[in-house]
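Student: Please take a close look at one part of this protein for me. I would like to understand its largest nonpolar core.

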Amino acid sequence: MNNLDMKNIIVLKDLPSNIIDEAIVILKDNKIKKKEKSENTNEYINTSIINEAQNIITEYIEKLEQPKREKQNQRKLLLKYRKLQVVSVALTGVMIVSILINLIKNVI
């Protein structure tokens with residue numbers, strides 16, 4: 001591989017993801033204009049490029065995991081709904097029994 005090609009490739013390791021272990025980012029052709037050739041400017045450009053690549057990858061990971069989260073939220077909501085149904089049926093039964101007991105006491 002040509003040495004110039006290697007300048008346009010970034011390898012990201014230790015990403016905070018359960019899916020992606022390592023990512024290779026290939027940059028577009030020199031869109032960044034270099035006004036000065038100093039260590040600080042190059043370091044700032046490198047860190048900003050790495051941060052942008054990490055942000056893009058984390059957004060992609062979040063989009064992949066979003067349906068899974070929605071499915072889990074839907075399951076939790078369904079479980080709460082079932083519990084609410086059981087509680088309302090139980091309370092209705094208790095209310096009917098108490099009304100019958102009061103009617104029987106009043107009649108006797």
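Tutor: Accessible areas come from the Shrake-Rupley method with a 1.4 Å probe; for residues, only the protein chains shown count as cover. The accessible surface of this protein comes to about 10300 Å². Carbon and sulfur atoms hold 57% of that surface.

This is a predicted model: local features need pLDDT (the predictor's confidence in each residue, from 0 to 100) of at least 70, side-chain atom pairs count only at pLDDT 80 or more, and totals for chains, interfaces and linings use all residues. Residues are numbered from 1 along each chain as its sequence is written, and side-chain values use heavy atoms, with hydrogens and water left out.

Buried means under 20% relative accessible area, exposed over 50%, partly exposed in between (1.4 Å probe, protein chains only). Of the 108 residues, 11% count as buried.

Now the core. A nonpolar core is a set of buried Ala, Val, Leu, Ile, Met, Phe, Trp, Tyr and Cys residues joined through side-chain atoms within 4.5 Å. The largest one has eight residues: Ile10, Leu12, Ala23, Val25, Ile49, Ala53, Ile57 and Ile61. β1 (9-13), β2 (22-26) and α2 (39-107) each give two or more of them. α2 gives the most, with four. Helices (H or I, at least four residues) and strands (E, at least two) are DSSP runs, numbered from the N terminus.

Look at β2. Ala23 and Val25 point to one face and are buried. Glu22, Ile24 and Ile26 point to the other and are not. Ala53 is in contact (heavy atoms within 4.5 Å) with Leu12 and Val25, leaving aside its neighbours within four places in sequence.
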